[in-house]
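Me: I have not met this structure before, and I would like to go through parts of it slowly, one question at a time.

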Amino acid sequence: MSATHKKRIRLKNFEYKGSYRYFITLCAANKRRVFEDVIFINWLVEVLRENSRVAGFKVWAWCFMPDHLHLLVEGEGADSDVKRFISAYKQRTAFYYKKKTALPLWQINFYERVLRKEEDTVSVAWYIFNNPVRKNLVSDYRQYDSLGSFEFECRAGL
């Protein structure tokens, strides 16, 4: 694909604003394994909590894998702008990381899938929680510390 014909990664004629649910993946720059330090991940989670509240998003699920982050988020109102929310999160966390390491934290852009109305939010959240199991990092998702939800208790089991 030539540089003049860049692949579109966003839906055409969709504003990414409003009360929609999104399955989002943010990848670390160069797929480096940067999400293995519990203290760093805890800070990233607190920034996510704060930014989601300010931007008007529920965070149904989050899971930090060694080289990427999965999120399931839902806009709480007509002005909830997922592109602005993710951009602000990446900018704040990347600034801190670059200041400490002189390295970039995130790949440019992010991947998202807009959930259909008939898709069950909790089922998608459980799919995200089980990613460490599918990648053979743990045998039960409850053994993995770097996942959670701001909306429901996920450690009780499926």
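The exchange below takes up a helix, the cysteines and two loop residues of this predicted model.

Me: How far apart are the end C-alpha atoms of helix α1?
Reply: Helix α1 covers residues 38-55, which makes 18 residues, and at 1.5 Å a residue these should span 26 Å. The distance in the predicted model agrees with that expectation, because the end C-alpha atoms of α1 are 25 Å apart.

Me: Where do the buried residues of α1 fall when the helix is seen down its axis?
Reply: The buried residues of α1 are F40, I41, L44, V45, V47, L48, N51 and S52. Seen down the axis of α1, these residues fall within an arc of 165 degrees, so they line one face of the helix. A general property of helices is useful here: with 3.6 residues a turn, residues three or four places apart point the same way. The place asked for is therefore one face of α1, within an arc of 165 degrees.

Me: What covers the buried residues of α1, and which exposed residues sit on the face turned away from them?
Reply: The cover over the buried residues includes the strands β2 (57-65) and β3 (68-75), together with the helix α2. On the face of α1 turned away from its buried side, the exposed residues are I39, R53 and V54.

Me: Which residue has a side-chain oxygen that reaches a backbone nitrogen at the start of α1, and what is the phi of G56 just after the helix?
Reply: At the start of α1, the backbone nitrogen of I39 has a side-chain oxygen of D37 within 3.1 Å. Just after α1, G56 takes a positive phi, of about 80 degrees.

Me: Why does C63 form no disulfide, and how many disulfides does the structure hold?
Reply: A disulfide is a covalent bond between the sulfur atoms of two cysteines. The closest cysteine sulfur to that of C63 belongs to C154 and lies 9.7 Å away, which is too far for a bond. C63 is also buried, with a relative accessible area of 0%, and C27 is buried at 10%. The number of disulfides in the structure is zero.

Me: Which residues in the loop between α2 and β4 have a positive phi without being glycine?
Reply: Most residues other than glycine have a negative phi. In this loop, A102 has a phi of about 70 degrees and is exposed, with a relative accessible area of 59%. N109 has a phi near 75 degrees and counts as partly exposed, at 36% relative accessibility. The residues asked for are A102 and N109.

How values were computed. Residues are numbered from 1 along each chain as its sequence is written. Side-chain values use heavy atoms; hydrogens and water are left out. A disulfide is a pair of cysteine sulfur atoms within 2.5 Å. Buried means under 20% relative accessible area, exposed over 50%, partly exposed in between (1.4 Å probe, protein chains only). Helices (H or I, at least four residues) and strands (E, at least two) are DSSP runs, numbered from the N terminus. The expected span of a helix is 1.5 Å times one less than its number of residues. The arc is that of the directions from the helix axis to the C-beta atoms. Contact means heavy atoms within 4.5 Å. A polar contact is a pair of N or O atoms within 3.5 Å; within protein, one must be able to donate a hydrogen and the other to accept it, and residues adjacent in sequence count only if both atoms are side-chain atoms.
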